[in-house]
Amino acid sequence: MRQKRTSSVALKMLMAGTGILLVLFLFAHMAGNLKIFVGATAFDHYAHWLRDIGTPLLPHTWYLWIQRGALTVAVLGHIFAAVVLARRARAARPVRYAHRPKVQGSYAARTMRWGGVIILLFVVFHILDLTTGTANPVGDRQHPYANIVADFAPARWYVTLFYALAIIAIGFHLRHGIFSALRTLGQQSPRGERIGRAAALTLSLVLVVGYLSVPFAVLTGLVK
């Protein structure tokens, strides 16, 4: 029992650690996306700069592939920890009541599962759309700004809608995840919980607004 409890703590630490890494990437990626408001030249220069990070020590685009590999490992570790912990939680409650009382908890906590599915689908589409260019109307790696503008054009409103749903799902996931990570890392006093909830809500809102500002700017003609 003690060994299982210890391994559960390790899984929670793994989940918190990989979650923090993914959150840092999301904010860094958001900051880069916002350069689109500076103009096509600045945005394209930023996108090409990403491919040159580490040169001449690293070959062209190697940094991006290293980053993608690290993020993939982090995502798999995050999912693995989440699945194992969820199964253990269900195994600890083997008896199902005929009239189970309503579970108290935030909307974010209750939607983590379907939110994760939407996020996974979004990541796959995002790679096909803006990484490989397969699903993008322009698909020109030399002109990332044009890819974004074509992607969220008014005629492709369904792409913007799916993007918005995915980002909102990430926001809910992030809100619950940040609060859970802070608790795992020791912030469990009443004051700490209040600070944790406020920080989680603030960070998730900043992320959602930052990411959604780009497609809606294109949709409304602010960016064209």
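## Cavity, aromatic residues and backbone features

The largest cavity holds about 40 Å³ of space, and the structure, which is a predicted model, has two cavities of 30 Å³ or more. Two elements give two or more residues to the lining of the largest cavity, namely helix H5 (112–131) and helix H7 (157–184), and H5 supplies the largest share, with five residues. The lining is made up of Phe122, Phe125, His126, Asp129, Leu130, Asp151, Phe152, Val159, Phe162 and Tyr163. Sorted by class, seven of the lining residues are nonpolar, one is polar and two are charged.

The lining of the largest cavity includes Phe122, Phe125, Phe152, Phe162 and Tyr163, and these residues form one aromatic cluster. Across the structure, the count of aromatic pairs comes to eight. Phenylalanine 43 and tyrosine 46 form an aromatic pair with a tilted arrangement, in which the ring centres are 6.4 Å apart and the planes make an angle of 50°. Because phenylalanine 43 and tyrosine 46 are three residues apart in helix H2, about one helical turn separates them. As to accessibility, phenylalanine 43 and tyrosine 46 are both buried.

The backbone also has features that can be set out by residue.

| Residue | Backbone feature | Place |
|---|---|---|
| Proline 56 | cis peptide bond from threonine 55, omega near 5° | loop between helix H2 (40–52) and helix H3 (62–91) |
| Threonine 61 | positive phi of about 75° | loop between H2 and H3 |
| Glycine 221 | positive phi of about 90° | just after H8 |

Threonine 61 takes its positive phi although it is not a glycine, and the loop between H2 and H3 that holds threonine 61 is also where proline 56 is found.

How far apart are the end C-alpha atoms of helix H8 (residues 190–219), and what span should its 30 residues have? At 1.5 Å a residue the helix should span 44 Å, and the end C-alpha atoms are 43 Å apart, so the two values agree. The expected value rests on multiplying 1.5 Å by one less than the number of residues. Helix H8 nevertheless bends by about 35° at serine 213, and a proline, proline 215, follows within four residues. Just after H8 comes glycine 221, with its positive phi of about 90°.

Terms used: Residues are numbered from 1 along each chain as its sequence is written. This is a predicted model: local features need pLDDT of at least 70, side-chain atom pairs count only at pLDDT 80 or more; totals for chains, interfaces and linings use all residues. Side-chain values use heavy atoms; hydrogens and water are left out. The bend at a residue is the angle between axes fitted to the seven residues ending there and the seven starting there. On a 1 Å grid over the protein atoms alone, a cavity is a set of points where a 1.4 Å probe fits but cannot get out, and a pocket is an open set with protein on both sides within 12 Å along at least five of seven lines; lining residues have an atom within 4 Å of a point. Grid points are joined across faces, edges and corners, and a volume is the space filled by probe spheres set on the points. Ala, Val, Leu, Ile, Met, Phe, Trp, Tyr, Cys and Pro count as nonpolar, Asp, Glu, Lys and Arg as charged, and the others, Gly among them, as polar. Rings of Phe, Tyr and Trp (its six-membered ring) pair if their centres lie within 6.5 Å; planes under 30 degrees apart count as stacked, over 60 as edge-to-face and the rest as tilted. Buried means under 20% relative accessible area, exposed over 50%, partly exposed in between (1.4 Å probe, protein chains only).
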